Every structure is written in C-alpha cells, then in structure tokens.
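Work through the following exercises with the sequence and the structure at hand, and compare each step with the solution given.

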Amino acid sequence: MGTISLEHSDRLYWLGRYTERFFTTLKALGDLYDKMIESKQWYKQYLENFGLADTYADSKLFMRSFIFDKSNPNSASFSLERAYDNGIVLREEISTVSLSYLQMAKDTLFKAEQSNNIRMSLLPLEDMLYSFWGSINEHIFDDEIRNIIYIGKTLERLDMYVRLKYPYDSVKKEFVRLRKNLDRVPQGTPYRYNAKYMSVLTEMLVSESDYEQNSVMATEALEHLFERSEVLV
Amino acid sequence: MKRINFYYSTKLTFDDYVHNHSFALRVIPPENPTQKLLSCSLNIDPYVSTQQTSDAFGNNVTAGYIKGDHRFLDFEIKGIANVDNTQYRTDFMPCYLYQSQYTAPDDDLKAFYSEIRGGCTGTVTERAAYLCDVLSDKIEYGKGFTDTSTTAAQAFALRKGVCQDFSHILISLLRMDGIAARYIAGLAFCDGETHSWVEYWTGDHWEGIDPANNCSINDDYLVISQGRDFRDCAVDRGVMFGKYTNQMQLVRSVLS
Amino acid sequence: MVQLKQGQFMQAVGNANEINELLRRYGVKFGIYKNGVFNEQFFPFDPIPRVISAEDFASIEKGLVQRVNALNEFLFDIYHEKNIVRDNIVPEDFIYISKGYLAECEGITPKNKIYSHISGIDLVQAKDGEWYILEDNLRIPSGASYPLIARELTRIAAPQAFEENNVVDNRGYAELLKETMENANCGGVRAILTPGRYNAAYFEHSYLAELTGSVLVQNDELFVEDNVLYHRTYSGGKTRIGVLYRRIADEYLDPLTFLPGSLIGIPNLMEAYRSGNVGIINAPGNGVADDKGIYYFVPKMIKYYLGEEPILKNAPTYLPFYDEDMKYVMDNLESLVIKDVAEAGGYGVVFGSDLTKEKLEEFRKTIIAEPRRFIAQEVIDFLDLPILDNGEKVMRKADLRAFVLSGEQTKVWASGLTRFSRNPDSFVVNSSQGGGFKDTWVLSR
C-alpha cells in the first residue's frame with residue numbers, strides 16, 4: 001500500500017533501534033559472562049563503557065539488573081519492552097508473525113530469571129531475534145519502508161559497538177552497513193542524514209587511531225545524525 | 001418584499017501561530033421561498049481553497065483546511081437579498097418537535113411551563129404569541145450574564161439573557177407544548193452584531209417570532225442558518241493546532 | 001446438541017493449553033482499565049467449540065440476512081422519507097428520543113445505500129433449541145478477530161479435530177471484510193481508524209488491518225482537504241482514503257459536526273462523507289436502528305419493507321407504551337426482565353424476580369410515569385454450554401455474536417464469537433467482566 005505516517009515511520013525506526021540494542025546488549029553480556037569465569041571484576045569495565053557508576057554489591061546483582069530489570073534503562077529487558085511497545089502498534093506493517101517473536105522473547109526472558117543457568121536459558125533468544133529479522137525482511141514489502149527499520153538497527157549497532165569499544169575493524173564494517181542504508185533514503189523524506197554530522201562521523205572512523213581517540217565524538221555525531229540543518233531563508 | 005444589503009465579517013486572531021486548521025462556516029444565507037440572494041460573495045483571508053455543501057438542516061456549509069502556519073482567519077460576506085415574508089417555508093423536520101442539547105428543560109423550567117400552560121390555548125400562532133409574552137415578562141434582557149454555552153435551563157434560572165437565551169427558552173416551551181420549533185441565527189435591523197430568533201411550525205409552514213423583542217418576524221430579518229438550537233447554527237467552528245493560548249474574535253455586521 | 005466425533009473432539013480439548021500458549025504467542029489480548037491503570041490481558045479461550053449444525057445454520061443464515069436487509073432499509077427510510085413512521089408502524093417518538101438518531105445525518109445516502117456494513121447480531125439458543133435474537137449491534141460490533149485467530153491456531157494444535165468433523169473454514173472473514181470495504185470504497189486506499197493502542201479492541205483493529213491490507217490510522221494522521229479525506233504520509237505527502245472502517249463512536253467522529261471537544265475525531269469528515277468522497281463503515285447514525293426501543297419493531301420492519309415473515313424470533317418483548325402491553329407488564333412484572341432503553345452495556349437491566357414487594361411497586365410507578373423509557377421481556381431459558389474449568393466440564397451461560405457483512409450481497413460469516421460467563425450465576429458474558437470466548441463451528445453437513 002505504501003502509505004505510512006510519520007508516527008509509524010518513527011515507530012519503525014525505534015523498533016529497529018531497541019531490537020538491536022536488546023540483541024547487542026545480550027551478546028555483550030554473554031561475552032561478559034564468559035570473561036567473568038576467570039575474573040568477576042570485568043563487569044566494572046562494562047559499566048565504565050557506558051559511563052555508569054558501580055552501585056552493585058557484586059557481579060551477580062549487576063548481571064540480574066542488566067538482564068532482567070525493566071526499570072534499568074540499560075538492561076536487555078528494558079530494551080525488549082521498548083521494542084515490543086513500538087512493535088505492537090506496527091502489527092499490520094511488520095505482521096503478526098514478526099511481532100510474535102518479540103512476544104516469545106519476552107516470555108523466554110521472563111522464564112530465564114528462574115533458571116539456574118541463565119546464560120543457557122537465554123540462548124533461544126538469539127534464534128528468536130534472527131527469526132524476527134528474517135520475518136521483517138519477508139513481510140515488509142516496500143523497500144523504502146523496510147529501510148527505515150534497518151537504519152534504526154544499523155545505527156544502533158554502530159552506536160553500541162563504539163560504546164562497547166569493539167575493535168576498529170568490526171566498527172568500520174558496521175559504519176559501512178549504516179552508510180549503505182542511509183544512501184537509499186529518498187529525497188524529501190525523514191532519515192536523510194545531516195551532512196555536517198556525517199562528515200564528523202566519517203573523519204572519526206578514518207583510521208584505527210582516530211577511532212580510539214574520538215569515540216565519544218562519534219557517538220555524539222550519531223545522536224545528531226538526523227537533525228534538520230538550519231532552514232535557509 | 002424588501003431588498004436588504006448585508007455585510008458580515010469576523011476576524012479571528014490567535015496569540016501564536018496555528019496550523020492544520022480545519023474550519024466549517026455557516027455564513028452564506030440559505031435560499032428559500034422567503035429569501036432570495038441577488039448576489040453574495042464570501043472572502044476568506046488567508047487564501048484557502050474551500051468547498052460548499054449543504055447540511056442536514058438546509059444550511060450552506062463552507063469547509064476549508066489551512067495547513068501552514070498562520071495567526072488569523074478573517075472572513076467577510078456581503079450580498080443583496082430579497083426578503084418576502086408573504087411567502088412560506090415548509091422544510092419541516094420531525095426532530096424539531098423534540099428537545100435538543102440546549103433546550104432540554106430542567107425541573108424548574110418544566111414547573112414553569114405547567115404553571116402557565118393553562119393560558120396556552122387557541123391556534124398555534126396564538127399559543128406561540130402567548131408563550132413569547134409570558135417569557136418577556138419573566139426574563140430580563142441583559143448582556144454579560146450568559147455565553148454561547150448557556151442552556152435554556154441555565155438562562156431561565158438566571159432570569160436574564162440575550163437573544164440566544166430567549167430563543168432557547170422559547171423553543172423549549174414550544175416543544176413542551178407540542179409545537180415544533182427551530183432556532184434561527186441571522187441578521188436583523190436591531191442592535192447586536194448578529195441576532196437570533198425562533199420559528200414554529202403552524203401545521204403547514206414556519207412562522208417566525210422574535211422572543212428578545214417579543215414581536216413577529218417581518219422583512220427586516222435575514223436568515224443565515226437554522227437548526228435545533230445554537231449548536232447547529234454556529235457561524236464558525238474550527239479545530240487547529242499550535243501553541244496559542246488565546247483567540248480573539250471581532251464581529252461586525254451592517255444591514256441597509 | 002450436535003454430536004461430534006468424540007476422539008477428535010477430545011484432541012481439541014486436550015490441547016487447550018497449547019492453544020492458549022499459541023494465542024499468547026500471537027498476542028491475542030484485550031486492554032482493560034482497572035483503577036485507572038491500563039492492563040493488557042490475554043482473552044481466555046475455551047477449547048470446547050460451540051457447534052451449529054448445517055441445518056440450523058442454514059435457517060439462522062436466512063434469518064440474519066433478512067433481518068439485516070430490513071435494518072438497512074429502515075436506516076435509509078429514517079434518514080430520508082420516514083415512510084415507516086408515516087404508515088404508523090413505528091411511533092415517531094421512538095425514533096427521535098433515541099440517542100442513536102442523529103439529525104445531522106438526515107439526507108445522507110451512503111454508497112450503494114448500505115448503512116450497516118458489518119452487523120453483529122447477538123443470539124441465544126433456548127433449551128428447546130429455538131434461536132432468539134437478543135440485540136442488534138449496527139454501530140461498531142467487535143469480536144470477529146478472536147474466533148478467526150483461534151481457528152487458525154486450533155487447526156495447528158488439534159488438526160484431527162477438523163479432519164472428520166466437516167467444520168466450515170471461517171478464515172475467509174478477512175476476504176469478506178475486504179470485499180465489503182471495497183464495495184463502500186469511494187476511490188482511494190482502505191483504512192481502519194483506531195483510537196489507539198490503549199483501546200480494549202486494539203488487537204482486533206491491528207489484526208484486521210493486517211489481514212485486509214488496510215492502513216491502520218489514528219485521527220492525527222488524517223485530514224480533510226477540499227472535502228476529500230487524506231492520510232498524511234511520513235514524507236509530507238498525502239494519500240487519499242476511499243473507505244474508512246472507523247472503530248470510534250459516532251459522537252467523536254467529527255468535532256465540527258458532533259461533539260466539539262472530541263480529540264479523536266477528524267474535522268470535516270462528515271462533509272467529505274456527505275459529498276460522497278469517502279465511505280464510512282458503519283454509517284454514522286446507525287444507533288437509531290439498534291436501540292433497545294426499536295428492537296421491538298424489527299419483526300414489523302421485516303414485514304413492512306420485505307413483505308416477508310420474520311424467520312428469526314425476537315425474545316418476546318412488550319412495550320408499556322401500548323396499553324395492552326402495559327397491562328401485561330403490570331400483571332407479570334415479577335417474571336419479566338425490564339430494560340431501560342436509554343442505557344447500554346448491561347446497565348439499566350432489572351429482573352422482576354430480584355425485586356422485593358416494595359421495590360416492585362415502586363418500579364410499577366416508574367414504568368407508568370415513563371412508559372416510553374422501558375421495554376419488558378420474557379426471561380429466556382438459555383441452553384447452557386459446557387466449558388472447561390480447571391480441566392473439568394461445567395455448564396455456563398453463553399451467547400453468540402453472528403457477523404453479517406453487507407457488500408454487493410448480504411453474507412453471514414459461517415462462524416461467530418461465542419462468549420460465555422465464567423461465573424455460574426451470571427448472565428454477563430462481557431470480556432471486561434472476566435468472561436471468555438469460544439470458537440463457533442458451523443458444520444458443512
């Protein structure tokens with residue numbers, strides 16, 4: 001049908017962002033679980049990456065909060081709830097099937113809290129998220145509209161990777177991915193990038209050393225990427 | 001028969017920009033057996049494309065939509081009409097027999113009607129004249145006590161009101177008496193920028209009566225809109241968006 | 001009672017948990033407000049279907065088509081010539097004191113003269129097998145989506161239940177709805193207007209939009225320009241809407257015609273509609289035909305407009321407005337159910353048998369003082385249906401909402417929403433009161 005309101009396009013964008021934030025958070029916490037087999041202190045590094053204070057008595061409480069606590073805005077659970085909130089008003093856009101993967105993810109996450117091997121019980125979430133994206137790909141027929149959710153997804157991925165201080169190579173790859181999606185945005189529609197911030201971003205990612213020095217500026221540039229430039233009189 | 005030159009204007013000003021402004025105006029006088037338009041022009045500023053329709057009550061509706069930012073909406077209508085009250089209007093609707101939002105009586109107004117109904121005898125015209133007489137004894141004309149949202153029952157409790165309130169109370173009484181009645185908004189050769197009066201159904205046509213002046217209608221009255229009560233006759237209704245907190249409306253009318 | 005093949009039937013029952021799990025998975029919910037807080041609840045599904053034999057359905061179907069056709073004729077007549085009033089079939093008072101009558105709709109002729117495109121007719125079956133009409137819902141009847149998705153999922157969870165039982169597939173509803181919308185389309189895309197995700201029936205709005213390929217819209221995405229309804233697109237453009245299946249009540253539909261304060265309406269929608277530039281499903285003003293007071297007259301309408309005998313019966317109803325009926329009501333008040341015509345949603349319903357002697361006398365006076373305000377009905381001895389309560393079969397009150405769609409032809413959906421009360425003493429089947437739903441199986445032979 002191809003008619004989509006501003007409200008819905010915005011919802012699609014944030015559905016992409018929160019779904020990805022949930023996914024990347026979960027993966028990062030999984031890696032952290034792995035590292036913490038050797039040393040429990042690694043979680044402090046994770047907090048530092050996001051500029052958060054350590055208010056947790058131990059690594060276990062940290063993990064519980066960052067996976068399950070819906071009131072912690074940096075938790076996986078929080079992102080999933082936001083993703084679902086955006087998804088529920090997009091049923092006819094993304095399909096009941098796509099939405100069902102988010103519902104299943106919510107149910108799985110809820111049940112995992114009672115498990116004695118949390119990491120193990122979170123594994124099916126990965127399957128659900130991959131299925132979700134497969135379903136999105138399948139059900140949104142209009143390329144222009146589908147691209148909006150992918151812009152949200154790839155922008156969030158890049159942002160998370162930079163914050164998590166992931167290696168330059170993988171960050172660079174995600175930047176290319178985002179750039180490809182942005183280049184598909186038609187004239188006169190939202191999600192046209194602001195050229196000023198795009199060039200900041202590009203410069204930040206020219207080389208490995210630029211990236212290491214300027215990651216904060218990169219995340220700031222991402223925040224402003226869709227700002228309208230001054231209206232010319 | 002009388003030839004009337006009419007002019008009516010409204011300036012609506014907002015204290016901040018508004019946009020996505022939808023409006024519906026009921027300002028073009030309807031044509032019927034008692035009034036014919038020789039000429040009529042409506043100007044709206046800012047310029048906007050409009051559409052004309054006719055509503056359920058026979059009123060001309062001018063609908064429009066202004067998308068962009070603006071701080072005012074002005075419209076003025078002028079024209080020439082021939083008014084001839086020797087002719088009859090017969091556009092009856094049964095809903096005029098039933099109380100409506102503004103005219104529904106409360107216990108006081110019902111009690112008042114029970115008190116006076118004994119004197120309400122004779123032909124429909126005699127009964128209407130009687131009710132109008134009783135009403136002018138009971139209610140005092142006064143500005144500033146009521147507003148456009150005041151119902152018949154509320155105005156009756158105050159014993160004060162303007163032409164709109166007189167009309168609503170009279171309609172309420174007429175309907176209680178089993179006489180179909182409708183509200184008329186229009187222009188007349190008397191004080192006030194706009195005027196309102198009442199028409200009652202005699203059994204085969206409408207007759208006009210002006211409760212605020214306690215007289216019957218002659219060729220000095222030009223109908224702009226008609227309906228069950230004020231709600232159907234609002235000259236302008238609009239919905240707009242923006243951060244405005246206040247709107248000011250200036251109305252001017254001239255008859256000659 | 002229709003006999004089903006037991007083994008297969010029990011499979012459906014045995015898989016109740018799986019089916020409810022699937023319903024969860026696909027988000028079959030309804031929203032309710034409790035103490036001002038919005039909650040989404042899963043709508044409890046009972047796996048034992050209501051089964052209607054092919055023979056029974058054929059007669060219900062004929063009866064419903066007849067009834068809805070007459071109601072559509074009535075709506076056209078009321079908003080135009082009013083012959084039925086002139087011919088003294090329906091007293092004028094009953095039309096004009098009805099809250100559902102909208103004078104603003106006088107003279108409007110919707111495309112193809114169809115007013116009630118989607119009619120939800122509530123029926124009950126008495127113990128003797130006879131079906132009775134309880135009420136007509138011609139405004140925005142909801143509920144079709146629930147048996148629709150339940151069927152889809154039951155077929156996955158309990159395929160054998162369908163293999164030998166010859167159940168008519170009900171999943172054509174989406175196609176039927178789409179046809180109905182297209183028939184009312186005045187040129188443009190199809191849209192479903194929802195008040196938003198905090199509406200009790202939001203699931204239904206979004207699910208039907210998905211299945212019919214309609215745009216799901218809220219009022220702030222719409223505007224009327226040059227008497228044409230448009231959807232405002234994300235890039236600043238506009239898409240013309242040709243038919244609007246609105247899920248908000250008449251009085252909120254257009255703040256420039258109805259309630260001036262409505263924040264969920266579309267200004268000047270009625271002008272676009274009156275000009276024939278957009279179809280509205282269902283037509284505004286239909287409330288006059290599904291009013292409790294008008295219900296009494298539907299069998300008379302069928303005779304008047306169609307010259308046919310009514311196939312389906314009303315519950316025996318009396319109007320104290322008529323002297324003869326008043327006498328009957330006075331003589332039998334303690335065994336009747338009295339309904340206030342101005343009330344809706346289960347309010348204003350009084351069972352004479354529940355009243356004390358004094359209350360009964362008091363109520364008699366009220367009826368004599370305001371005879372037009374009430375209707376009285378015989379209490380129907382409902383046929384209870386079995387439901388599963390913690391794995392045990394118990395009998396409960398249930399009704400059936402049948403959906404009748406009026407497009408090029410009037411068609412009855414071979415299914416329907418069966419709602420039941422979970423409380424053994426209650427007649428209230430509303431989902432907001434904790435009731436649940438069942439699928440309705442129509443057998444093909």
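**Exercise 1.** Find the residues in contact with Leu244(C), leaving aside its neighbours within four places in sequence.

Solution. Two residues are in contact if their C-beta atoms, placed from the backbone, lie within 7 Å. By this criterion Leu244(C) is in contact with Ala191(C), Leu193(C) and Leu229(C), and also with Val278(C), Gly279(C), Ile280(C) and Ile281(C). Residues are numbered from 1 along each chain as its sequence is written, while chains are lettered from A, and ligands numbered from 1, in the order in which they are written. The model is predicted, and local features need pLDDT of at least 70, side-chain atom pairs count only at pLDDT 80 or more, and totals for chains, interfaces and linings use all residues.

**Exercise 2.** Place Leu244(C) in the largest nonpolar core.

Solution. Such a core is a set of buried Ala, Val, Leu, Ile, Met, Phe, Trp, Tyr and Cys residues joined through C-beta atoms within 7 Å, where buried means that 20 or more other C-beta atoms lie within 10 Å of the residue's own, placed from the backbone. The largest core has 183 residues, and Leu244(C), Leu229(C) and Leu170(B) are those with the most contacts inside it. Helix α3 (residues 54–78) of chain C gives the largest share of this core, nine residues; helices are DSSP runs (H or I, at least four residues), numbered from the N terminus. A second, separate core of 53 residues includes Val89(A), Leu99(A), Met204(A) and Ala221(A).

**Exercise 3.** Count the residues in contact between chain C and chain A.

Solution. On chain C 22 residues are in contact with 20 residues of chain A, and α9(C) gives the most to the chain C side, with four residues.

Key
Helix = DSSP H or I, 4+ residues; strand = E, 2+ residues; numbered from the N terminus. Buried ≥ 20, exposed ≤ 12 C-beta atoms within 10 Å, placed from the backbone.
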